[in-house]
Amino acid sequence: MHVTRLPLVDPAELDALDLTAPAVHAERDLSAVWRHLRSEQPLYRHPPVDGGPRFWVVSRHADATAVFRDNRFTSTSGNVLETLLVGSDSAAGKMLAVTDGTRHTEVRRVITGALTPAMLNRLAAHIRSQIRDLVERAVARVDGDFGRDVAAEVPLTTICDMLAVPDADRPYVHRLGSSAVSSHDPEHDSLGAWTSKNELLAYFLDLVEQRRAAPGDDLVSVLATARIRGRLLSTDEIVFNCYSLILGGDETTRLAMTGGVQALAANPRQWRALRAGEVGIDSAVEEVLRWTTPSRHLGRLAVEPVELAGGRIEAGDIVTVWLASANFDEREFAEPDEFRLDRTPNRHLTFAYGPHFCVGARLARIQLEATLTALRDLVADIEVTGTPQRVYSNFIGGTFTLPVRLTAA
Ligand code: HEM
(Lines give C-alpha, C1' and ligand atoms only; values in the text may rest on other atoms or scores of the structure.)
Protein backbone atom coordinates (compact mmCIF):
# COMPACT_ATOMS: atom_id res chain seq x y z
CA MET A 1 0.00 0.00 0.00
CA HIS A 2 1.08 3.55 -0.71
CA VAL A 3 1.69 5.32 2.59
CA THR A 4 2.83 8.93 2.75
CA ARG A 5 4.44 10.16 5.93
CA LEU A 6 5.41 13.78 6.29
CA PRO A 7 8.69 14.64 8.01
CA LEU A 8 8.11 15.35 11.69
CA VAL A 9 8.98 18.79 13.09
CA ASP A 10 11.02 18.41 16.28
CA PRO A 11 9.73 20.59 19.16
CA ALA A 12 13.35 21.72 19.59
CA GLU A 13 12.84 23.67 16.33
CA LEU A 14 9.94 25.62 17.85
CA ASP A 15 11.74 28.96 18.07
CA ALA A 16 12.41 28.91 14.34
CA LEU A 17 9.00 27.52 13.37
CA ASP A 18 6.75 29.89 11.38
CA LEU A 19 3.15 28.77 11.83
CA THR A 20 1.97 31.31 9.26
CA ALA A 21 3.90 29.55 6.46
CA PRO A 22 1.57 27.42 4.29
CA ALA A 23 4.39 24.98 3.48
CA VAL A 24 4.82 24.09 7.16
CA HIS A 25 1.27 22.74 7.19
CA ALA A 26 1.43 21.12 3.76
CA GLU A 27 4.84 19.48 3.95
CA ARG A 28 5.57 18.78 7.61
CA ASP A 29 3.98 16.81 10.45
CA LEU A 30 3.38 19.15 13.39
CA SER A 31 1.96 16.55 15.80
CA ALA A 32 5.04 16.49 18.08
CA VAL A 33 5.04 20.29 18.25
CA TRP A 34 1.37 20.38 19.20
CA ARG A 35 1.92 17.71 21.87
CA HIS A 36 4.82 19.72 23.28
CA LEU A 37 2.85 22.97 23.30
CA ARG A 38 -0.20 21.36 24.95
CA SER A 39 1.98 19.97 27.68
CA GLU A 40 4.60 22.69 28.21
CA GLN A 41 3.38 25.98 26.73
CA PRO A 42 -0.41 25.90 26.36
CA LEU A 43 -0.34 29.66 25.77
CA TYR A 44 2.62 30.17 23.46
CA ARG A 45 3.68 33.54 22.07
CA HIS A 46 4.53 33.22 18.40
CA PRO A 47 7.32 35.57 17.29
CA PRO A 48 6.59 38.30 14.73
CA VAL A 49 6.73 37.30 11.07
CA ASP A 50 8.05 39.88 8.57
CA GLY A 51 7.71 42.68 11.09
CA GLY A 52 4.02 41.90 11.79
CA PRO A 53 2.48 41.59 15.25
CA ARG A 54 3.16 38.65 17.57
CA PHE A 55 0.26 36.33 18.26
CA TRP A 56 -0.80 33.80 20.89
CA VAL A 57 -1.10 30.10 20.06
CA VAL A 58 -3.76 28.18 22.02
CA SER A 59 -3.41 24.41 21.70
CA ARG A 60 -5.54 22.69 24.36
CA HIS A 61 -9.17 21.63 23.85
CA ALA A 62 -10.46 23.25 27.08
CA ASP A 63 -8.71 26.56 26.34
CA ALA A 64 -9.97 26.55 22.74
CA THR A 65 -13.53 26.12 23.99
CA ALA A 66 -12.99 28.91 26.55
CA VAL A 67 -11.87 31.33 23.81
CA PHE A 68 -14.82 30.48 21.55
CA ARG A 69 -17.41 31.20 24.21
CA ASP A 70 -15.80 34.34 25.65
CA ASN A 71 -17.12 37.61 24.24
CA ARG A 72 -13.95 39.42 25.32
CA PHE A 73 -12.63 38.01 22.04
CA THR A 74 -13.98 39.47 18.80
CA SER A 75 -14.10 38.11 15.25
CA THR A 76 -14.64 41.53 13.70
CA SER A 77 -10.94 42.11 12.96
CA GLY A 78 -10.81 38.80 11.11
CA ASN A 79 -11.13 35.15 12.14
CA VAL A 80 -7.91 33.79 10.60
CA LEU A 81 -4.28 34.93 10.68
CA GLU A 82 -4.38 36.16 7.09
CA THR A 83 -6.73 39.02 7.99
CA LEU A 84 -5.83 39.46 11.67
CA LEU A 85 -2.17 40.08 10.87
CA VAL A 86 -3.03 42.92 8.50
CA GLY A 87 -5.41 44.38 11.08
CA SER A 88 -8.79 44.11 9.35
CA ASP A 89 -11.20 42.07 7.25
CA SER A 90 -13.03 43.90 4.45
CA ALA A 91 -16.14 41.80 5.13
CA ALA A 92 -16.31 42.77 8.84
CA GLY A 93 -19.85 43.50 9.92
CA LYS A 94 -21.22 42.18 6.61
CA MET A 95 -20.34 38.48 6.70
CA LEU A 96 -21.49 36.23 9.54
CA ALA A 97 -18.09 34.80 10.46
CA VAL A 98 -16.63 38.29 11.00
CA THR A 99 -19.65 39.95 12.63
CA ASP A 100 -20.37 39.85 16.36
CA GLY A 101 -23.07 40.81 18.83
CA THR A 102 -26.71 41.57 18.06
CA ARG A 103 -26.25 41.92 14.30
CA HIS A 104 -24.54 38.54 14.17
CA THR A 105 -27.38 36.89 16.11
CA GLU A 106 -30.04 38.51 13.91
CA VAL A 107 -28.48 37.65 10.54
CA ARG A 108 -27.51 34.18 11.72
CA ARG A 109 -31.16 33.58 12.65
CA VAL A 110 -32.23 34.48 9.10
CA ILE A 111 -29.74 31.99 7.61
CA THR A 112 -30.42 29.13 10.01
CA GLY A 113 -34.17 29.83 9.67
CA ALA A 114 -33.84 29.32 5.91
CA LEU A 115 -32.32 25.88 6.43
CA THR A 116 -35.72 24.37 7.17
CA PRO A 117 -36.16 20.61 7.57
CA ALA A 118 -37.88 20.62 4.16
CA MET A 119 -34.89 22.31 2.51
CA LEU A 120 -32.40 20.02 4.29
CA ASN A 121 -34.37 16.92 3.26
CA ARG A 122 -34.43 18.06 -0.33
CA LEU A 123 -30.69 18.76 -0.32
CA ALA A 124 -29.97 15.46 1.47
CA ALA A 125 -31.86 13.45 -1.15
CA HIS A 126 -29.89 15.10 -3.91
CA ILE A 127 -26.55 14.67 -2.06
CA ARG A 128 -27.18 10.94 -1.49
CA SER A 129 -28.03 10.21 -5.09
CA GLN A 130 -25.18 12.37 -6.43
CA ILE A 131 -22.59 10.70 -4.19
CA ARG A 132 -23.85 7.20 -4.90
CA ASP A 133 -23.66 7.89 -8.58
CA LEU A 134 -20.14 9.34 -8.36
CA VAL A 135 -18.87 6.43 -6.23
CA GLU A 136 -20.48 3.91 -8.63
CA ARG A 137 -18.65 5.57 -11.51
CA ALA A 138 -15.38 5.66 -9.53
CA VAL A 139 -15.71 1.92 -8.85
CA ALA A 140 -16.42 1.21 -12.52
CA ARG A 141 -13.34 3.22 -13.45
CA VAL A 142 -11.27 1.22 -10.88
CA ASP A 143 -8.30 3.61 -10.88
CA GLY A 144 -9.04 7.26 -10.29
CA ASP A 145 -8.70 10.11 -7.85
CA PHE A 146 -11.22 10.35 -5.03
CA GLY A 147 -10.52 14.05 -4.41
CA ARG A 148 -11.01 15.02 -8.03
CA ASP A 149 -13.65 12.53 -9.21
CA VAL A 150 -15.94 12.49 -6.18
CA ALA A 151 -15.20 15.04 -3.45
CA ALA A 152 -14.62 18.03 -5.76
CA GLU A 153 -18.10 17.64 -7.25
CA VAL A 154 -20.37 17.48 -4.24
CA PRO A 155 -20.12 20.44 -1.81
CA LEU A 156 -20.26 23.15 -4.45
CA THR A 157 -23.26 21.47 -6.11
CA THR A 158 -24.97 21.39 -2.71
CA ILE A 159 -24.28 25.07 -2.09
CA CYS A 160 -25.52 25.95 -5.61
CA ASP A 161 -28.68 23.93 -4.84
CA MET A 162 -29.19 25.91 -1.61
CA LEU A 163 -28.80 29.19 -3.47
CA ALA A 164 -30.72 27.93 -6.52
CA VAL A 165 -27.92 28.96 -8.87
CA PRO A 166 -29.30 28.35 -12.39
CA ASP A 167 -27.86 25.22 -14.06
CA ALA A 168 -26.36 27.23 -16.91
CA ASP A 169 -24.27 29.31 -14.46
CA ARG A 170 -22.91 26.42 -12.45
CA PRO A 171 -19.73 25.69 -14.42
CA TYR A 172 -18.85 29.40 -14.08
CA VAL A 173 -19.53 29.42 -10.31
CA HIS A 174 -17.58 26.15 -9.89
CA ARG A 175 -14.59 27.59 -11.71
CA LEU A 176 -14.59 30.81 -9.69
CA GLY A 177 -15.27 28.96 -6.43
CA SER A 178 -12.27 26.69 -6.91
CA SER A 179 -9.85 29.43 -7.78
CA ALA A 180 -11.15 31.83 -5.11
CA VAL A 181 -10.66 29.56 -2.13
CA SER A 182 -8.27 26.80 -2.91
CA SER A 183 -4.54 26.87 -2.42
CA HIS A 184 -3.47 23.84 -4.32
CA ASP A 185 0.02 24.80 -5.15
CA PRO A 186 2.92 26.37 -3.29
CA GLU A 187 3.04 29.24 -5.78
CA HIS A 188 -0.61 30.04 -5.03
CA ASP A 189 -1.82 32.69 -7.45
CA SER A 190 -3.21 35.25 -4.99
CA LEU A 191 -4.06 37.80 -7.68
CA GLY A 192 -6.07 35.16 -9.56
CA ALA A 193 -7.83 34.19 -6.32
CA TRP A 194 -8.63 37.83 -5.58
CA THR A 195 -10.04 38.36 -9.09
CA SER A 196 -12.19 35.22 -8.84
CA LYS A 197 -13.47 36.32 -5.44
CA ASN A 198 -14.53 39.68 -6.87
CA GLU A 199 -16.18 38.04 -9.88
CA LEU A 200 -18.12 35.78 -7.54
CA LEU A 201 -19.27 38.75 -5.45
CA ALA A 202 -20.39 40.50 -8.65
CA TYR A 203 -22.22 37.35 -9.74
CA PHE A 204 -24.12 37.18 -6.45
CA LEU A 205 -24.96 40.87 -6.73
CA ASP A 206 -26.83 40.13 -9.98
CA LEU A 207 -28.50 37.09 -8.49
CA VAL A 208 -29.72 39.10 -5.48
CA GLU A 209 -31.32 41.68 -7.77
CA GLN A 210 -33.07 38.96 -9.75
CA ARG A 211 -34.39 37.28 -6.58
CA ARG A 212 -35.58 40.57 -5.11
CA ALA A 213 -37.72 40.96 -8.23
CA ALA A 214 -38.90 37.34 -8.33
CA PRO A 215 -38.25 35.52 -5.05
CA GLY A 216 -38.34 31.73 -4.71
CA ASP A 217 -37.76 29.48 -1.69
CA ASP A 218 -33.95 29.39 -1.95
CA LEU A 219 -31.46 30.98 0.45
CA VAL A 220 -30.67 33.98 -1.79
CA SER A 221 -34.38 34.83 -1.94
CA VAL A 222 -34.72 34.44 1.84
CA LEU A 223 -31.77 36.79 2.41
CA ALA A 224 -32.95 39.23 -0.27
CA THR A 225 -36.43 39.58 1.24
CA ALA A 226 -35.81 39.09 5.01
CA ARG A 227 -36.49 42.05 7.27
CA ILE A 228 -34.74 42.61 10.58
CA ARG A 229 -36.60 45.11 12.79
CA GLY A 230 -38.53 46.17 9.68
CA ARG A 231 -35.49 46.73 7.43
CA LEU A 232 -34.09 44.69 4.58
CA LEU A 233 -30.52 43.40 4.89
CA SER A 234 -28.00 45.55 3.07
CA THR A 235 -26.95 44.31 -0.36
CA ASP A 236 -23.38 43.90 0.95
CA GLU A 237 -24.61 41.67 3.77
CA ILE A 238 -26.52 39.44 1.37
CA VAL A 239 -23.72 39.20 -1.19
CA PHE A 240 -20.97 38.55 1.36
CA ASN A 241 -23.06 35.92 3.13
CA CYS A 242 -23.84 34.08 -0.13
CA TYR A 243 -20.15 34.14 -0.93
CA SER A 244 -19.28 32.94 2.58
CA LEU A 245 -21.23 29.73 2.05
CA ILE A 246 -18.83 28.85 -0.76
CA LEU A 247 -15.86 30.08 1.24
CA GLY A 248 -16.87 28.09 4.32
CA GLY A 249 -18.52 25.06 2.85
CA ASP A 250 -16.77 23.91 -0.29
CA GLU A 251 -13.14 23.11 0.31
CA THR A 252 -13.60 22.19 4.00
CA THR A 253 -16.14 19.51 3.15
CA ARG A 254 -14.03 18.22 0.25
CA LEU A 255 -11.02 17.87 2.53
CA ALA A 256 -13.06 15.95 5.11
CA MET A 257 -14.42 13.58 2.43
CA THR A 258 -11.04 12.91 0.83
CA GLY A 259 -9.18 12.73 4.15
CA GLY A 260 -11.78 10.29 5.44
CA VAL A 261 -11.18 7.91 2.53
CA GLN A 262 -7.44 8.23 3.01
CA ALA A 263 -7.82 7.34 6.71
CA LEU A 264 -10.00 4.31 5.87
CA ALA A 265 -7.38 3.06 3.41
CA ALA A 266 -4.64 3.48 6.01
CA ASN A 267 -6.67 1.68 8.73
CA PRO A 268 -7.94 -1.57 7.18
CA ARG A 269 -9.36 -2.84 10.47
CA GLN A 270 -11.55 0.22 10.82
CA TRP A 271 -12.64 -0.11 7.19
CA ARG A 272 -13.58 -3.77 7.73
CA ALA A 273 -15.56 -2.83 10.86
CA LEU A 274 -17.44 -0.19 8.89
CA ARG A 275 -18.21 -2.60 6.06
CA ALA A 276 -19.37 -5.29 8.47
CA GLY A 277 -21.74 -2.83 10.17
CA GLU A 278 -19.85 -3.17 13.47
CA VAL A 279 -19.59 0.61 13.77
CA GLY A 280 -22.35 3.06 13.04
CA ILE A 281 -22.12 5.62 10.24
CA ASP A 282 -22.89 8.46 12.67
CA SER A 283 -19.92 7.86 14.96
CA ALA A 284 -17.73 7.18 11.92
CA VAL A 285 -18.67 10.62 10.52
CA GLU A 286 -17.66 12.30 13.77
CA GLU A 287 -14.31 10.52 13.83
CA VAL A 288 -13.62 11.50 10.22
CA LEU A 289 -14.41 15.10 11.18
CA ARG A 290 -12.04 14.97 14.15
CA TRP A 291 -9.31 13.14 12.24
CA THR A 292 -9.31 15.46 9.24
CA THR A 293 -9.91 18.81 11.04
CA PRO A 294 -10.12 20.82 7.77
CA SER A 295 -10.03 24.21 9.58
CA ARG A 296 -6.55 24.20 11.10
CA HIS A 297 -6.85 27.38 13.13
CA LEU A 298 -9.26 30.20 13.91
CA GLY A 299 -8.32 33.59 15.23
CA ARG A 300 -9.77 36.28 17.44
CA LEU A 301 -8.73 39.68 18.77
CA ALA A 302 -8.88 40.33 22.54
CA VAL A 303 -10.92 43.43 23.36
CA GLU A 304 -10.18 43.19 27.10
CA PRO A 305 -7.43 41.52 29.12
CA VAL A 306 -8.07 37.79 29.63
CA GLU A 307 -6.33 35.26 31.88
CA LEU A 308 -5.97 31.98 29.99
CA ALA A 309 -3.91 28.82 30.39
CA GLY A 310 -1.82 30.34 33.15
CA GLY A 311 -0.97 33.48 31.16
CA ARG A 312 -2.36 36.93 30.50
CA ILE A 313 -3.62 38.14 27.14
CA GLU A 314 -3.81 41.92 26.76
CA ALA A 315 -6.50 43.92 24.96
CA GLY A 316 -5.48 44.21 21.29
CA ASP A 317 -3.62 40.88 21.24
CA ILE A 318 -4.23 38.38 18.45
CA VAL A 319 -5.16 34.90 19.66
CA THR A 320 -5.05 31.85 17.39
CA VAL A 321 -6.82 28.67 18.39
CA TRP A 322 -5.40 25.55 16.74
CA LEU A 323 -8.15 23.01 16.14
CA ALA A 324 -5.43 20.86 14.56
CA SER A 325 -4.06 20.51 18.09
CA ALA A 326 -7.22 20.72 20.24
CA ASN A 327 -8.80 17.80 18.34
CA PHE A 328 -5.84 15.62 19.37
CA ASP A 329 -5.62 16.76 22.99
CA GLU A 330 -4.93 13.76 25.23
CA ARG A 331 -6.77 15.58 28.07
CA GLU A 332 -10.00 15.25 26.05
CA PHE A 333 -9.55 12.20 23.81
CA ALA A 334 -8.36 8.72 24.79
CA GLU A 335 -5.55 7.66 22.43
CA PRO A 336 -6.07 10.69 20.22
CA ASP A 337 -3.61 9.52 17.57
CA GLU A 338 -5.72 6.46 16.79
CA PHE A 339 -8.42 6.63 14.14
CA ARG A 340 -11.34 4.90 15.88
CA LEU A 341 -14.68 4.99 14.15
CA ASP A 342 -16.60 4.03 17.29
CA ARG A 343 -15.08 6.81 19.40
CA THR A 344 -17.58 8.09 21.99
CA PRO A 345 -17.73 10.66 23.32
CA ASN A 346 -16.21 12.65 20.50
CA ARG A 347 -16.41 16.33 21.38
CA HIS A 348 -14.22 17.49 18.50
CA LEU A 349 -14.03 21.19 17.69
CA THR A 350 -13.99 20.76 13.91
CA PHE A 351 -16.98 23.12 13.58
CA ALA A 352 -15.75 25.38 16.43
CA TYR A 353 -18.02 26.13 19.35
CA GLY A 354 -20.25 28.89 20.70
CA PRO A 355 -21.85 31.75 18.76
CA HIS A 356 -19.93 31.14 15.51
CA PHE A 357 -20.44 27.34 15.48
CA CYS A 358 -20.56 26.34 11.82
CA VAL A 359 -24.01 26.92 10.30
CA GLY A 360 -23.26 24.29 7.65
CA ALA A 361 -22.40 21.52 10.12
CA ARG A 362 -25.60 19.59 9.40
CA LEU A 363 -24.98 19.75 5.66
CA ALA A 364 -21.34 18.71 5.99
CA ARG A 365 -22.43 15.75 8.14
CA ILE A 366 -25.03 14.71 5.56
CA GLN A 367 -22.34 14.76 2.84
CA LEU A 368 -19.95 12.65 4.91
CA GLU A 369 -22.70 10.24 5.93
CA ALA A 370 -23.62 9.79 2.26
CA THR A 371 -19.96 9.24 1.33
CA LEU A 372 -19.36 6.60 4.00
CA THR A 373 -22.65 4.86 3.21
CA ALA A 374 -21.87 4.69 -0.51
CA LEU A 375 -18.38 3.34 0.18
CA ARG A 376 -19.70 0.75 2.63
CA ASP A 377 -22.35 -0.45 0.18
CA LEU A 378 -20.42 -0.35 -3.09
CA VAL A 379 -16.72 -0.83 -2.34
CA ALA A 380 -14.82 -3.89 -1.10
CA ASP A 381 -11.30 -2.50 -1.05
CA ILE A 382 -9.69 0.93 -1.08
CA GLU A 383 -6.09 1.09 -2.17
CA VAL A 384 -4.11 4.31 -2.37
CA THR A 385 -2.08 4.15 -5.58
CA GLY A 386 -0.15 7.41 -5.60
CA THR A 387 0.94 10.36 -3.53
CA PRO A 388 -1.92 12.57 -2.36
CA GLN A 389 -1.45 16.33 -2.68
CA ARG A 390 -1.97 18.56 0.32
CA VAL A 391 -3.40 22.07 0.49
CA TYR A 392 -0.96 24.99 0.96
CA SER A 393 -2.59 27.13 3.60
CA ASN A 394 -2.29 27.89 7.31
CA PHE A 395 -6.04 27.90 7.96
CA ILE A 396 -7.34 24.93 5.98
CA GLY A 397 -5.48 21.68 5.73
CA GLY A 398 -5.54 18.16 4.38
CA THR A 399 -5.37 16.27 1.12
CA PHE A 400 -7.28 17.38 -1.94
CA THR A 401 -6.15 14.67 -4.34
CA LEU A 402 -6.12 10.98 -3.52
CA PRO A 403 -5.19 8.52 -6.26
CA VAL A 404 -7.13 5.35 -5.39
CA ARG A 405 -8.16 1.97 -6.72
CA LEU A 406 -11.70 1.14 -5.60
CA THR A 407 -12.65 -2.52 -5.94
CA ALA A 408 -16.34 -3.32 -6.35
CA ALA A 409 -18.13 -5.00 -3.44
C1 HEM B 1 -16.40 19.75 7.05
C2 HEM B 1 -16.89 20.89 6.61
C3 HEM B 1 -16.85 22.19 7.38
C4 HEM B 1 -15.96 22.60 8.32
C5 HEM B 1 -14.74 21.88 8.85
C6 HEM B 1 -16.38 23.92 8.74
C7 HEM B 1 -15.77 24.65 9.75
C8 HEM B 1 -16.27 25.82 10.28
C9 HEM B 1 -15.74 26.49 11.44
C10 HEM B 1 -14.56 26.01 12.26
C11 HEM B 1 -16.48 27.61 11.64
C12 HEM B 1 -16.32 28.65 12.78
C13 HEM B 1 -15.58 29.89 12.32
C14 HEM B 1 -15.24 30.79 13.48
O15 HEM B 1 -15.58 30.48 14.63
O16 HEM B 1 -14.57 31.82 13.25
C17 HEM B 1 -17.47 27.66 10.60
C18 HEM B 1 -18.41 28.67 10.45
C19 HEM B 1 -19.22 28.77 9.34
N20 HEM B 1 -19.42 27.81 8.38
FE21 HEM B 1 -18.54 26.01 8.28
N22 HEM B 1 -17.49 24.29 8.04
C23 HEM B 1 -17.82 23.25 7.19
C24 HEM B 1 -18.89 23.22 6.33
C25 HEM B 1 -19.70 24.27 6.06
C26 HEM B 1 -20.77 24.28 5.08
C27 HEM B 1 -21.18 23.06 4.25
C28 HEM B 1 -21.28 25.54 5.07
C29 HEM B 1 -22.43 26.12 4.27
C30 HEM B 1 -23.04 25.55 3.32
C31 HEM B 1 -20.55 26.32 6.05
C32 HEM B 1 -20.77 27.66 6.33
C33 HEM B 1 -20.28 28.31 7.44
C34 HEM B 1 -20.66 29.66 7.82
C35 HEM B 1 -21.61 30.59 7.06
C36 HEM B 1 -20.00 29.94 9.02
C37 HEM B 1 -20.07 31.23 9.86
C38 HEM B 1 -20.98 31.01 11.05
C39 HEM B 1 -20.98 32.17 12.04
O40 HEM B 1 -20.00 32.93 12.09
O41 HEM B 1 -21.97 32.31 12.78
N42 HEM B 1 -19.62 25.52 6.62
N43 HEM B 1 -17.34 26.55 9.80
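Leaving aside its neighbours within four places in sequence, which residues is Val 57 in contact with? Here are my notes, starting with that one.

1. Val 57. This is a predicted model, so treat every value below as computed from it. Val 57 sits in strand 2, which covers residues 55-58. Once the neighbours within four places in sequence are set aside, its contacts are Leu 19, Leu 37, Tyr 44, His 46, Thr 320 and Trp 322. Is Val 57 buried or exposed? It counts as buried, because 20 C-beta neighbours lie inside 10 Å, and 20 or more is what the label asks for. For a sense of distance, the C-alpha atoms of Val 57 and Asp 250 are separated by 26 Å, with their positions 193 residues apart along the chain.

2. The whole chain. You'll find 17 helices and 12 strands here. Along its principal axes, the C-alpha trace spans about 60 × 55 × 40 Å. A compact globule of 409 residues would have a radius of gyration near 22 Å, and the chain has 21 Å, so the two agree. Of the 409 residues, 44% count as buried. Take the contacts between residues at least 6 apart in sequence: 70% of those join residues at least 24 apart.

3. The nonpolar core. In soluble globular proteins, nonpolar side chains tend to be buried together. In this model, the largest nonpolar core has 111 residues, and Val 319 and Val 321 touch the most other members. Not counting residues up to four places away in sequence, Val 321 touches Val 58, Ala 64, Val 67, His 297, Leu 298 and Ala 326.

4. Around the ligand. How many residues surround the ligand? There are 25, and the closest are Gly 248, Gly 249, His 356, Cys 358 and Gly 360. Sorted by class, this shell has 13 nonpolar, 11 polar and 1 charged residues. Helix 12 (235-249), helix 13 and helix 17 each supply at least two residues of it. Helix 12 gives the most, with 4 residues.

5. Helix 15. This one runs over residues 281-292, and its length checks out: at 1.5 Å a residue, 12 residues should span 16 Å, and the end C-alpha atoms are 16 Å apart. Helix 15 is mostly covered, with 9 of its 12 residues buried. Those buried residues are Ala 284, Val 285, Glu 286, Glu 287, Val 288, Leu 289, Arg 290, Trp 291 and Thr 292. What do they pack against? Their partners are helix 13 (251-266), helix 14 (268-275) and helix 17 (361-378).

6. Either side of helix 15. Gly 280 lies in the loop between helix 14 and helix 15. It counts as partly exposed because it has 14 C-beta neighbours inside 10 Å, and buried would take 20 or more. The C-alpha atoms of Gly 280 and Thr 258 are separated by 19 Å, though these residues are 22 apart along the chain. After helix 15 comes Thr 293, whose phi is positive, near 35 degrees.

7. Helix 17. We've already met this helix as a packing partner of helix 15 and as a supplier of residues to the shell around the ligand. Its 18 residues should span 26 Å at 1.5 Å a residue, and the end C-alpha atoms are 26 Å apart, so that agrees too. The buried residues of helix 17 are Leu 363, Ala 364, Ile 366, Gln 367, Leu 368, Ala 370, Thr 371, Leu 372, Ala 374 and Leu 375.

Note on methods
Residues are numbered from 1 along each chain as its sequence is written. This is a predicted model: local features need pLDDT of at least 70, side-chain atom pairs count only at pLDDT 80 or more; totals for chains, interfaces and linings use all residues. The expected span of a helix is 1.5 Å times one less than its number of residues. Two residues are in contact if their C-beta atoms, placed from the backbone, lie within 7 Å. A residue is near a molecule or strand if its C-beta atom, placed from the backbone, lies within 6 Å of it. Ala, Val, Leu, Ile, Met, Phe, Trp, Tyr, Cys and Pro count as nonpolar, Asp, Glu, Lys and Arg as charged, and the others, Gly among them, as polar. A nonpolar core is a set of buried Ala, Val, Leu, Ile, Met, Phe, Trp, Tyr and Cys residues joined through C-beta atoms within 7 Å. The radius of gyration is taken over C-alpha atoms; the globule rule is 2.2 Å times the number of residues to the power 0.38.
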